[in-house]
Amino acid sequence: MKSIKRTLGLAGAGILTLAACGTAPAEGDGEGGGDGASADFKTCMVSDSGGWDDKSFNESSYDGLMNSVDEHGIDHATAESTTDSDFAPNINNMVTEGCDLVFTVGFLLAPATGTAAEANPDVDFAIMDSTAQNPDGDPIEVDNVKPIEFNTAEAAFLAGYLAAGMSETGKVATYGGVNIPTVTIFMDGFVDGVAHYNDTHDTDVEAMGWNKETQEGSITGDFEDQSKGKAVSDEFYNAGADIVMPVAGPVGAGTLASAKEGEGRKVIWVDADGYETNASDEDAQSVILTSVMKEMTTAVEDVIGGAVDGEFDSTPYVGTLENGGVGLAPYHDFEDEVPAELTEEIESLTQEIIDGTVEIETDAAPEQS
């Protein structure tokens with residue numbers, strides 16, 4: 001089967017010794033794989049509370065940083081957040097460390113990023129999955145902050161269509177970690193994809209776990225507690241769903257655990273190619289149908305490359321199906337199980353979304369210029 005979009009190159013990335021809030025950040029020596037010409041440039045990164053090894057958005061962003069360190073020979077430092085209260089101190093630590101460019105990973109860091117950027121106009125910032133915000137959570141435009149966002153509803157729409165076409169029980173499900181736009185955008189796209197399959201095939205596949213109209217559904221409340229992911233997934237599978245898409249970072253590991261306990265259960269991962277990030281767990285790989293990917297690694301590499309060349313700007317980047325910023329991962333172990341007709345429908349649907357023939361509507365979508 002042809003891959004809808006290329007998969008993220010995440011395998012084999014090492015994890016740096018990480019700093020907790022209030023301690024010295026982990027730091028590199030600037031001696032990467034490049035020619036050393038950029039050794040006086042320092043790029044830094046602050047994680048969301050899920051940590052660098054979340055097999056999701058933090059890890060994908062971190063891989064982009066480390067790839068850039070190798071390519072450009074730049075100095076670097078990182079700070080790993082364990083709670084929301086770590087965000088502001090960790091960002092301030094990066095500024096104190098003399099970082100030229102500070103990445104903050106995740107929507108929840110937006111207020112702390114906006115505050116730090118306004119207080120430090122000589123430092124450049126890039127935030128994943130958001131724009132900068134003021135302390136009240138209102139979006140603000142800051143000349144030294146580059147938003148990096150992704151219209152994941154487009155790829156999640158494809159995943160919902162795939163799930164509906166692959167379901168044997170006529171029930172699929174999704175849930176989120178926190179009710180924020182960068183989570184609900186996946187869930188909106190997923191349930192709309194299921195609905196589109198039903199309209200196309202005159203079927204009645206049920207999408208459990210999320211009501212797009214009311215913006216209410218199954219939310220675990222954080223990105224850390226895997227036992228909550230296990231519990232909500234157990235409920236879905238026991239209620240008849242055979243495919244579940246967690247949008248909850250490390251919490252999604254609970255869904256993998258639940259899926260491994262029953263016959264015919266499948267999982268759709270998000271952010272990174274879950275099959276690749278779970279390479280050490282063949283049982284987990286065996287239940288992952290596909291993944292809704294954000295090319296965060298590539299986005300980080302591109303922004304760092306431009307900054308090293310003196311070309312940083314605050315123009316927002318929005319990843320879409322058209323520019324390859326979002327997409328579906330390969331089907332891996334399920335490649336021979338996905339019917340050729342369904343594969344062809346998804347490939348056609350991808351082009352229809354790019355062309356605008358099929359429109360994906362969600363209030364959580366980032367604005368595009």
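## Overview

Of the 369 residues in the protein, 57% are buried, meaning under 20% relative accessible area with a 1.4 Å probe and protein chains only. This is a predicted model, where local features need pLDDT of at least 70 and side-chain atom pairs count only at pLDDT 80 or more, while totals for chains, interfaces and linings use all residues. Residues are numbered from 1 along each chain as its sequence is written, and side-chain values use heavy atoms, with hydrogens and water left out.

The protein has eleven helices and 15 strands, taken as DSSP runs numbered from the N terminus (H or I, at least four residues, for helices; E, at least two, for strands). Look at contacts (heavy atoms within 4.5 Å) between residues at least 6 apart in sequence, and 72% of them join residues at least 24 apart.

## Helices α2 and α3

Helix α2 (residues 87-96) packs against helix α3 (residues 110-119) at about 35°, and their axes are 9 Å apart. Those axes are lines fitted to C-alpha atoms over the stretch in contact, with angles running from 0 to 180 degrees between N-to-C directions. The crossing is right-handed, that is, the near helix is turned clockwise from the far one by less than a right angle.

On the α2 side, Phe87, Ala88, Ile91 and Asn92 do the touching; on the α3 side, Ala112, Thr113 and Ala116. By class, that contact has five nonpolar, two polar and no charged residues. An α-helix has 3.6 residues a turn, so residues three or four places apart point the same way.

## Helix α5

Helix α5 covers residues 181-201, and its 21 residues should span 30 Å at 1.5 Å a residue; the expected span is 1.5 Å times one less than the number of residues. The end C-alpha atoms are indeed 30 Å apart, so the two agree.

With 15 of its 21 residues buried, α5 is largely enclosed by the rest of the structure. Right after α5 comes Asp202, which has a positive phi, near 55°.

## Ser56 and Thr297

Ser56 sits in the loop between β2 (42-46) and α1 (57-72), and at 1% relative accessibility it counts as buried. Beyond its neighbours within four places in sequence, Ser56 is in contact with Gly249, Val270 and Asp271. The side chains of Ser56 and Asp271 are joined by a polar contact of 2.6 Å (a pair of N or O atoms within 3.5 Å, one able to donate a hydrogen and the other to accept it).

Thr297 belongs to helix α10 (residues 296-308) and is buried too, with a relative accessible area of 4%. Its C-alpha atom is 8.5 Å from that of Asn67, though the two residues are 230 apart along the chain.

Notes. Ala, Val, Leu, Ile, Met, Phe, Trp, Tyr, Cys and Pro count as nonpolar, Asp, Glu, Lys and Arg as charged, and the others, Gly among them, as polar. Buried means under 20% relative accessible area, exposed over 50%, partly exposed in between (1.4 Å probe, protein chains only).
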